[in-house]
Amino acid sequence: MDSQETTQQEVFTMPRIGDKAPQFTATTTQGEINFPSDYKGKWSILFSHPADFTPVCTSEFMTFANLEEKFNKANCSLIGLSIDGLYSHIAWLRTIKDKIKFNGMENVEVKFPLIEDISMNVAKRYGMVQPGESKTQAVRAVFFVDPNETVRAIIYYPLSLGRNFDELYRALIAMQTSDQFNVATPADWNPGDDVIVSPAGSCGVAEERMGNTDELECMDWFFCTKKLDKDLILDTILKK
Ligand code: BEZ
C-alpha cells in the first residue's frame, strides 16, 4: 500500500464503553429509525450479523425473536444489522417464518427492526467490519446502549460462532441491577446471587470492612458481598 492509498483510507473510531452511541438514520424492515434518539429512555441492543440466508445467523435471529418479549419487558429494544439490502432482509425473514425449524422453534416472526446497510455506513461507524475476519461481512457485534444513549457493554464474536442469548439477557439485567442498587455483580452472577458492594474508598471504611455486619459479608476489606433479593430486583427492573 503506498502513502497515497494510506491517506485515502477512511478512518473510523469505533465507540467505546462510556461513549455516547454514534447517531445514524437507517432504513429497516420496520421503517426508518434514528438511532439512538428513537430509543431514548430505554435500553437497546444493536447487534450485527454477517449475512442474510446463512445458517448460524438464522439460528440467532430465531432465538432473539423468540426472546424479544422478555427483553422488551426489561425495557430493552432489539435492533439487528447486516451488510445486505432491504429486499434480501425481507425475503430472508419471510423464509425463516415459512420454512425454518430450529431448537423447537418454528413459524418465527422477526418483529424487531433489521437495518439494511449495503453502504456499510453504520457497520463501519460501529467497528462491526473487522477486515482480518471479513472485509465484506460484519462480525457478530453486540452494543448495549442505555437510556441515556451511552454505550455500556460491547461483545464481539467471530463469524462461525453463534451467540448465547441467555448471556445477553443476564448482562442486561446485571447492568440494570448495578445502576438501580449501586452494586457490582460477580462472575456468573444471576438475580438472587449475592452482589458485590462498592470498594472501600478510604482507610476508615477499609477498617470497617474487616468484619462482617448484619448486611455485609467481608472476606477482606476489598471483597464484601451482600444479599439482594431476586424478587426485589425483578420487580424493580421489570416494572420500570
Ligand atoms: C452463518 O451465519 O452461518 C455464517 C455466516 C458467515 C460465515 C460463516 C457462517
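Helices (H or I, at least four residues) and strands (E, at least two) are DSSP runs, numbered from the N terminus, and with that in hand I can place proline 36 in the loop between strand S2 (31-35) and strand S3 (43-48). What you have in front of you is a predicted model, in which local features need pLDDT of at least 70 and side-chain atom pairs count only at pLDDT 80 or more, while totals for chains, interfaces and linings use all residues. Residues are numbered from 1 along each chain as its sequence is written, and side-chain values use heavy atoms, with hydrogens and water left out.

Let me stay with the loops for a moment. The peptide bond that joins phenylalanine 35 and proline 36 is cis, with omega at about 0 degrees. In the loop between S3 and helix H2 (55-73) we find phenylalanine 53, a residue other than glycine whose phi is nonetheless positive, near 55 degrees.

Next comes the ligand. Which residues surround the ligand? They are Pro50, Thr54, Pro55, Val56, Cys57, Gln137, Arg140 and Leu159, where a residue counts as near if one of its heavy atoms lies within 4 Å. An N or O atom in the side chain of threonine 54 is 3.0 Å from an oxygen atom of the ligand, whereas for valine 56 a polar backbone atom is 2.7 Å from a ligand oxygen, and for cysteine 57 a backbone N or O atom lies 2.9 Å from one.

Cysteine 57 also appears in a helix contact, meaning heavy atoms within 4.5 Å, since Cys57, Thr58, Phe61 and Met62 in H2 meet Trp92, Leu93 and Ile96 in H3. H2 and helix H3 (residues 86-99) pack at an angle of about 70 degrees, with their axes 11 Å apart, the axes being lines fitted to C-alpha atoms over the stretch in contact, and angles running from 0 to 180 degrees between N-to-C directions. That makes H2 roughly perpendicular to H3, a term for angles of 65 to 115 degrees.

Finally, the chain as a whole is divided into domain 1 (3-164) and domain 2 (182-238), with bounds from an automatic or database domain assignment, and 34 Å separate their centres, taken over C-alpha atoms. Helix H5 (residues 165-181) and helix H7 (residues 230-238) have axes that come within 10 Å and cross at roughly 90 degrees, which makes H5 roughly perpendicular to H7. Among the residues making this contact are Tyr169, Ile173 and Phe181 of H5, together with Leu232 and Ile237 of H7.

Note on methods
Angles under 35 degrees count as roughly parallel, over 145 as roughly antiparallel, 65 to 115 as roughly perpendicular and the rest as oblique. A polar contact is a pair of N or O atoms within 3.5 Å; within protein, one must be able to donate a hydrogen and the other to accept it, and residues adjacent in sequence count only if both atoms are side-chain atoms.
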